[in-house]
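Visitor: I should like a close look at the aromatic rings of this model and at what surrounds them. Please take me through that part in one connected account.

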Amino acid sequence: FNCRRKMKKLIIFITLSILSLLYPYAASGETRNIELRAERYSYTPNIITVNKGDIIRLKLISTDVTHGFYLDGYEINFFARPGENKEVVIKADRTGRFVFRCSNTCGEFHPYMIGLLKVEPNRLYFFGVYFSIILGIGAVILTIRRKNVGSFKLFGLIPLDWRFELTKYKFVRSLFKSRLFPFVPILINLAIFSALLLAMFTGGFSAGNYNVGIMIVWILWWVLLMLFMVPVVGRFWCMVCPFPMIGDWIQRGKLLVVGSQKSRGLNKRWPKKWNNLWPLVILFFMTTWFSGFFTVRPLASFILLGGIILGAILFSLFFQKRSFCLYACPVSGFQGLYANFSLCEVRVKDPNICKNNTPKTCAVGSEKGYGCPWMELPYDMNRNTYCGLCLECFKTCPYDNMAFNVRPSGADFMAERRRTDELYNRRGTDEAFKALTMIGIFFSFFIAFQGPFGTIKDNIRAVTPGGYLTYILEATTVDFLLIPV
Ligand code: SF4
Ligand code: SF4
């Protein structure tokens, strides 16, 4: 009863708060004279706040090289040469938060030269914040109240245990069982990435927005990875990733056909103490220290990607199977974590078939394929985190008992602990910390690259050693202390 009253109060409070945002607002209609100074890679002032109906007389003054002014949402674009003053009149007739950016390539950090125009009152923004909070609270309440996975429905519609097996179609199963898949896509990817690496190498220190390697990797690939591959298919990139190909070849001595299950490398076990996500947390974080270089300088990107390939080769010489992917690849940790949200999974169809049969060829391999290169126990797996979607288990299972399913997003979060988790000591603070540091990294990146603050941009691109150190200390404090704590 008490709980109901509290709930009622909360709903009334939220409704009143939303209604308060809808009060009638009188447009002021003042004329605002604004002198906007543009200097590599920031504007002064960097944030302009006006009211709806105001007339903005904006004078753009460039103090070093030619800069542009492009205002999102108002579609205004003009340029000012060094020492030149250009004026434009803007009627602030749309409320919201509008980004303005330099529209003339002025140097390597040009894509991040950004300012903000705020036209008050920004009701949409506040509505968005309230809506997100309500959604978050609702999700937490629902998660706490429902204990049984089967009874939980995503958005109240799709049961979390709903599955649609794609491998029930003969064509899909035959494709997954063929040794040519995903070998052929990996080969194509290898050719594409070799060309991109060459473009990055020859691009040297030039501005990245003229370099095809930088554009494809950090705009096309990264956006596809974050918005499509991981949310829809999970570790789809790992399925077709060319980085570990040479390492696999060294270990197996064969590229396409199945050779010995015994690695030709030293085949050492990864140290038990580091048998978790901590190495990936640290390595990814350290990689972000250099994001002010490799997202804008082709040669820096070449060094990063070349380093990943070299690392994968060295790991294959010393350690077991895909130890590199599990413990060292900078892009592995967040892919694994976010793969829990993905709409696809590889799972066993009937656990009883697995129980009654030995040897478990999905784990140890057969003449048809290799034992799981990611050292999973496919017959016991109930989360996507450490499955690289290599599809070897489809080739090695003699009973066609592996399935590729479409499922509701986030199903893995309700999965119970399994033997694999005990074996590898998984689902500990390392995974939680990885998720939290990713939130911190998102905020740090957003403020540094998409924010209007020139000093932070100077720090991240190491204009002075002191400034660079300040950036690293700030990022460490936000990502490793403030957000996780
Ligand atoms: S973990 Fe890294 S190197 Fe391994 S397959 Fe995935 S992206 Fe490629
Ligand atoms: S369980 Fe292992 S063998 Fe099967 S797809 Fe995943 S990584 Fe590959």
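Guide: Rings of Phe, Tyr and Trp (its six-membered ring) are paired if their centres lie within 6.5 Å; planes under 30 degrees apart are stacked, those over 60 are edge-to-face and the rest are tilted. By this rule there are 39 aromatic pairs. One of them joins Trp270 and Tyr327, a stacked pair with 5.1 Å centre to centre and 0° between the planes. Trp270 lies in the loop between helix 7 (245-252) and helix 8 (278-288), and Tyr327 in helix 11, so the pair ties together parts that are 57 residues apart in sequence. Helices here are DSSP runs (H or I, at least four residues), numbered from the N terminus.

The model is a predicted one: local features need pLDDT of at least 70, side-chain atom pairs count only at pLDDT 80 or more, and totals for chains, interfaces and linings use all residues. Residues are numbered from 1 along each chain as its sequence is written, chains are lettered from A and ligands numbered from 1 in the order in which they are written, and side-chain values use heavy atoms, with hydrogens and water left out.

Both partners of the stacked pair are buried (under 20% relative accessible area, 1.4 Å probe, protein chains only): Trp270 has 18% relative accessibility and Tyr327 has 6%.

Ring pairs also link a cluster of Phe193, Trp218, Trp221, Trp222, Trp237, Phe243, Phe284, Phe294, Phe334 and Tyr338. Within this cluster, Trp237 is also among the residues that come nearest to ligand 1, together with Cys238, Cys241, Cys325 and Cys329. A residue is counted around a ligand if one of its heavy atoms lies within 4 Å of it. Helix 6 (236-240), helix 11 (323-327) and helix 12 (332-338) each supply at least two residues of that shell.

Another member of the cluster, Phe284, is buried in helix 8, as are Pro279, Leu280, Val281, Phe285, Thr287 and Thr288. The cover over the buried residues of helix 8 includes helix 9 (291-294), helix 10 (298-318), helix 11, helix 12, helix 17 (429-450) and helix 19 (465-482), where contact means heavy atoms within 4.5 Å.

Some rings also have a charge over them, that is, NZ of Lys or CZ of Arg within 6 Å of the ring centre and within 35 degrees of the ring normal. The charged end of Arg252 sits over the ring of Tyr370, 3.9 Å from its centre. Likewise, the charged end of Arg426 lies over the ring of Tyr386, 3.6 Å from its centre.

Note on methods. Buried < 20%, exposed > 50% of the residue type's maximum accessible area, 1.4 Å probe, protein only.
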